[in-house]
Amino acid sequence: MTYSTTFSFRIPTVIEYGAGRLKTLPALVQTLGGCRILVVGDPGIKAAGIMDRVMDTLGNADIQAWEFTDVKSDPAVQSVTHGIAKARSLQCDLVVGVGGGSALDTSKAIGLMLGNTGTIKDYVGIDKVPNAGAPVIAIPTTAGTGSELTIWSVLSDTESDAKISIGSVFNCPRIGLLDPELTVSMPAHVTAATGMDALTHAVESCVCKANQPITEALTHKAIFLIAKSLRNAVADGQHIAARGDMLLASAMAGIAFNATRLGLVHAFALPLGNKFGIAHGLANAIMLPSVMAYNASHNIAGYAAVAELLNDGEKWKKPIDAARYAAHAVATLRRDVGITRTLSDFGVTERDFDEIIDEAMKSGNVLVNPRFPSREDMAALLRHGMHGTVEDVQRN
Ligand SMILES: [Fe+2]
């Protein structure tokens, strides 16, 4: 296995895991010294009754808390601005984020700005934030983004019509509360797409140029858990053990890519989301197998290990055969969890390639991908994304 020769690794977030652990929220709030709480979630979380469960849990412990549900599926800078204004006017000293990646990214940005001046747009990039914010407790209700543990918040800036990313150790939640019971209301198609996002995090992290022994251990366990449980979680939403495995896998992959970054799939996902509105997990699911096939010859040991972890009984004579097979195992998993759409289904045509490639090549994730792509390579990968194919690219 190839590792980066220098690396750093830290986990600033405490993980609290277990079915029913929501009931410990008041004690966790008190541990962090929180007295006035802003609870951030999206309207879907409110409609599913999860926001009320969180508010009741805090209210029953006589902890003052206020709801903030102005969170879009593509979280916007404006939502953060409104949330900060509400938190400041109520003198909130702790933020609880509950929901998927959008709600958690918004809650993290609000918490961050409670300890910093200016606007969230002043801190775009990595390590630009000078001060810690208010503590954040992140409660994921999906299993994919890893936002409950990552340094990143990704927000839409409607003024520039672009996505902005804020990456800072101060943007890590203080506590990630992982309660599988809170993910059972997630519909099957969301379970599938977010699960494929977690798989993409794990695979891209462990094969990338910044791979390191510590993160590799986490990603390998994450891939093992996803191979074991994603199909079950999609088929039976009430399957608590499968839901728990997916939450853990998502968290482990999130910790890993905090340190390593990702690869070409995530470079593509940003413009595919911005321009065509393709949900992040779905964009990753569409692009992952062909990118894996393209990369396989440039990290044979890494991809062979992924093939072993996906473990569908296939045997190989040579490591390169295993490495190439990994892409097909992921394509099979993608099909089994019901993801059959392609980029063409979202209106992507060859005429859009230049714009997508221009945007994708700006991503820092390209630099750590096992293979540096030409524009022609990128176009070939998008063509596979349009047709849902894997085969041809792997012979490059
Ligand atoms: Fe992702």
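1. Let's start with the main sheet. In this predicted model, six strands form an open sheet in the order β1-β9-β6-β4-β2-β3, and their pairing is parallel. The edges belong to β1 (14–17) and β3 (64–68): each has a single partner strand, so one side of each is left without a neighbour in the sheet. On average, neighbouring strands here are turned by 20° against each other, ignoring direction.

2. A closer look at the β1 edge. The partner of β1 is β9 (residues 175–178); the two run parallel and are joined by 4 bridges. If you want a residue pair to click on, E16 has L177 in β9 as its bridge partner.

3. Now the helices lying on the sheet. Helix α4 (residues 77–89) lies across β2 (36–40) and β3, and runs at about 155° to β3. Helix α5 (residues 101–113) lies across β2, β3, β4 (94–99) and β6 (136–140), and its angle to β4 is about 170°. So you'll find β2 and β3 under α4 and also on the list for α5.

4. Then there is some pairing around β8 (residues 162–167). With β7 (residues 152–157), β8 runs antiparallel, and 6 bridges join the two; S156, for instance, has K163 in β8 as its bridge partner. The β7–β8 hairpin has 4 residues between its strands, and D161 takes a positive phi near 55° there. With β5 (residues 125–126), β8 runs parallel, through 2 bridges. Here I126 has G167 in β8 as its bridge partner.

5. On to the metal. Which residues coordinate the iron ion? They are D197 through OD, plus H201, H266 and H280, each through NE2, at 2.1 to 2.3 Å. The angles among the 4 donor atoms span 82 to 170°, and the site is irregular. A tetrahedral label would need all angles to lie between 85 and 135 degrees, so the 82 to 170° range rules that label out here.

6. How are the iron donors spaced in sequence? The pattern is D-x3-H-x64-H-x13-H. H201 sits in helix α6 (residues 188–207) and H266 in helix α9 (residues 264–276), so this pair ties together parts that are 65 residues apart in sequence.

7. Last point, on those two histidines: buried or exposed? H201 is buried, at 2% relative accessible area. H266 has 10% relative accessibility and counts as buried too, because the cut-off for buried is under 20%.

Notes
Residues are numbered from 1 along each chain as its sequence is written. This is a predicted model: local features need pLDDT of at least 70, side-chain atom pairs count only at pLDDT 80 or more; totals for chains, interfaces and linings use all residues. Side-chain values use heavy atoms; hydrogens and water are left out. Two strands pair if DSSP finds at least two bridges between them. Axes are lines fitted to C-alpha atoms, for helices over the stretch in contact, and angles run from 0 to 180 degrees between N-to-C directions. Contact means heavy atoms within 4.5 Å. Donors are N, O and S atoms within 2.8 Å of the metal (3.2 Å for Na, K and Ca); water is not among the atoms, so sites may look incomplete. Four donors count as tetrahedral if all angles lie between 85 and 135 degrees; four count as square planar and six as octahedral if opposite donors are over 155 degrees apart and all others between 65 and 115; anything else is irregular. Buried means under 20% relative accessible area, exposed over 50%, partly exposed in between (1.4 Å probe, protein chains only).
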